[in-house]
Amino acid sequence: MKKLVVLFTGLIFLFSSCSYEPGVTEAMVKYGFKDGVTTLVVPGWAIRLIAGLNELDETEREIFSSIHKVKIVVVEDEDLNTRINLHEEFYNKVNKDGNYEELLTVRDDSENVTVFGRMDDSVIKEMALLIGGDDNAIVYVKGSFSPDLLKDQLDIGDTKKLLSLNF
């Protein structure tokens, strides 16, 4: 019984100390421990270590320094991919309170992709990428990005890639 109380208290502390991103956190809780799903959470201090690498140019270093947290859920199991659609399941949850603005939407026969952003003044504070269909993934990035910093790094002209960063 004592172990159960300690475990329960630890779980409460863990979830109360983590920020809650509608849809993203729910996807991580629902799918994060399923077989065939890869979940990754990278804290800002670890990302800032990357920013210190000498191989990066100034813009790349500034982008990495601007990231406070990254959460990723990727469904890699083909059978599970055919049974779920993360975009359909979590689109309304991410967009529920109207705190996020749709920055980019791509609809295809086999996939739906939406990039949401939360702005504070002229800075992007959060971005959530929902992918559903043949492939399923959710990517959440928290930070402080000026749109000017990102615009030179985005390549939307390559039709073979949805959205790629030029690093």
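## A six-stranded sheet and its aromatic cluster

Let's start with the sheet: six strands form an open sheet in the order β1-β2-β6-β5-β4-β3, and the pairing is antiparallel. Two strands count as paired if DSSP finds at least two bridges between them. At the edges sit β1 (37-43) and β3, each of which pairs on one side only. From one strand to the next, the twist averages 10 degrees.

A word on what you're looking at: this is a predicted model, where local features need pLDDT of at least 70 and side-chain atom pairs count only at pLDDT 80 or more, while totals for chains, interfaces and linings use all residues. Residues are numbered from 1 along each chain as its sequence is written, and side-chain values use heavy atoms, with hydrogens and water left out. Helices (H or I, at least four residues) and strands (E, at least two) are DSSP runs, numbered from the N terminus.

Now the neighbours. β4 and β5 pair in the antiparallel sense over 10 bridges, and Phe116 stands opposite Ala128 in β5. Helix α6 lies across β2, β3, β4, β5 and β6, running at about 150 degrees to β5. Axes here are lines fitted to C-alpha atoms, for helices over the stretch in contact, and angles run from 0 to 180 degrees between N-to-C directions.

Next, the rings. The structure holds three aromatic pairs. Rings of Phe, Tyr and Trp (its six-membered ring) pair if their centres lie within 6.5 Å; planes under 30 degrees apart count as stacked, over 60 as edge-to-face and the rest as tilted. Two of the pairs involve Phe116:

| Pair | Centre to centre | Angle between planes | Type |
|---|---|---|---|
| Tyr91 and Phe116 | 5.4 Å | 50 degrees | tilted |
| Tyr100 and Phe116 | 6.4 Å | 70 degrees | edge-to-face |

Both link distant parts of the chain. Tyr91 is in helix α6 (residues 86-94) and Phe116 in strand β4, 25 residues apart. Tyr100 comes from the loop between α6 and β3 (101-107), 16 residues from Phe116. Ring pairs thus link Tyr91, Tyr100 and Phe116 into a cluster.

How buried are these rings? Buried means under 20% relative accessible area, exposed over 50%, partly exposed in between (1.4 Å probe, protein chains only). Phe116 is buried at 0%, Tyr100 is buried at 6%, and Tyr91 is buried at 17%. Arg118 lies over the face of Tyr100, 4.4 Å from the ring centre; that label needs NZ of Lys or CZ of Arg within 6 Å of the ring centre and within 35 degrees of the ring normal.

Phe116 also turns up in the largest nonpolar core, which has 19 residues; those with the most contacts inside it are Tyr31, Leu86, Phe90, Phe116, Leu130 and Ile138. A nonpolar core is a set of buried Ala, Val, Leu, Ile, Met, Phe, Trp, Tyr and Cys residues joined through side-chain atoms within 4.5 Å. α2 (24-31), β2 (67-75), α6, β5 (123-133) and β6 (136-145) each supply at least two residues. A second, separate core of 10 residues includes Leu56, Ile67, Val70 and Met127.

Finally, Asn112 is in strand β4 (residues 111-120) and counts as buried at 18% relative accessibility.

Conventions:
Contact means heavy atoms within 4.5 Å.
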